[in-house]
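Student: Could you take me through one part of this structure closely? I would like to look at a sheet and then at the nonpolar core.

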Amino acid sequence: MPDVPGRLAVVLNLFPGAQPGAAFSDAVLYRMRLAPAHIGTDAVVRARGEDAIAFDVTFTDIEPDTGDQGGALSYGADRTVAFRTGEKGAVRGPEVSIFAGLRRDPFFMDVQSEIRTRATRRLAFTAPGVDAVAGQNVLSIVLELDADAVLGTTRSALWAAVGESLSQGVPTARFERIGRPEAKNVLLSVNGNDTVNASVDLRDLYNLDDPFDVPPESAASYRARLDANLAMFDRLDDAVAWPFTDDEHHPLTEPLLHDHLVLDTTKPFGDHGYLDIERGALTGQPHETCGGRWLNEDVIDMLYSVIVGGWHGTPVSDGVDSAVVPATRAFPYLARANPNPPVLDAGAIPAPSP
């Protein structure tokens, strides 16, 4: 976490384009999971769900008198923290702090140019680009914890983090999962490259899977999609930065197939830590930051630069370098919500054509 050694912040953003008055569902279980991870002999960072620590967040219905919601955070064997939505309802504690409510969307990206890039098979970004997320809000859950107190001092330094939305009750059903930004909308998109799953949108299936325990048959489909799409991205600059391996897979397919943010709780915060641990594992050069993803980091530029030109190629930019209102270094980190956000039209962000 910025400027506070030993503290780890995990942010789960939901409901992009949320308008004032948006609320969390009282029928959904919002879960953040942290699992001890390791780097395998193939340089892939893996984690097991059975070892994960789950942080479960639930909400009451909206209270008519206040417009607020009550919330409960549960983790560990028997630890529960009650809170309320909004800044006044946030709880700050020595072990955990939690906030939930409407905030500025910290993401920034030229969505239309990214879609054109995949449709035309040519880099279509401009300078400057057009931020499709400018002025938008999200519903955000921000968890901050003392790493030693909550995760333990004798466990792995490496951790894998994922966010999930599930139905409440038994059994639960997973609606959505999130690890690395744009793993689904960009890397797994239907672009006509994948001849194995030629016209199938795999994202709904992907959301249903446990990110730490993907069934082999599903993993085979995602692997084929990643191989095909990553090869397309590599050719966007008319050069090959990623020759396929001897077993005919793209070198980034297996690392990206394990879709979670990777953290090192023993390393310092870095403004540019995204993919730092994965880079270190694949290149043999030790990572220097805690990894993860700082809210103000330009992850789209980082992603495109790596998949197009490799770790040391010419940087690729979508022309959008920061959010209109950046995140702050003070809890709950995301900027206050825009009271008058633009309304997204149904077709403002169209799906790419196969």
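**A sheet and a core**

Tutor: In this predicted model, strands β1 and β8 (residues 137-146) run antiparallel and are joined by eight bridges. Strands here are DSSP runs of E with at least two residues, helices are runs of H or I with at least four, and both are numbered from the N terminus. Leucine 14 faces leucine 139 of β8 across this pairing. Residue numbers start from 1 along each chain as its sequence is written. Local features need pLDDT of at least 70, side-chain atom pairs count only at pLDDT 80 or more, totals for chains, interfaces and linings use all residues, and side-chain values use heavy atoms, without hydrogens and water.

The open sheet has three strands in the order β1-β8-β7, paired antiparallel (pairing needs at least two DSSP bridges). β1 (7-14) and β7 (96-104) are the edge strands with a single partner each, so one side of each has no neighbour in the sheet. From one strand to the next, the twist averages 20 degrees (between N-to-C directions of axes fitted to C-alpha atoms, on a scale from 0 to 180 degrees).

The largest nonpolar core (buried Ala, Val, Leu, Ile, Met, Phe, Trp, Tyr and Cys residues joined through side-chain atoms within 4.5 Å; buried means under 20% relative accessible area, with a 1.4 Å probe and protein chains only) holds 63 residues, and Leu34, Phe55, Leu73 and Ile141 touch the most other members. Helix α8 (residues 299-309) gives this core its largest share, seven residues. Beyond four places in sequence, leucine 34 has contacts (heavy atoms within 4.5 Å) that include Leu8, Val10, Phe55, Leu145 and Trp159. Another core, of ten residues, lies apart from the largest one and includes Val45 and Val262.

Notes:
Buried < 20%, exposed > 50% of the residue type's maximum accessible area, 1.4 Å probe, protein only.
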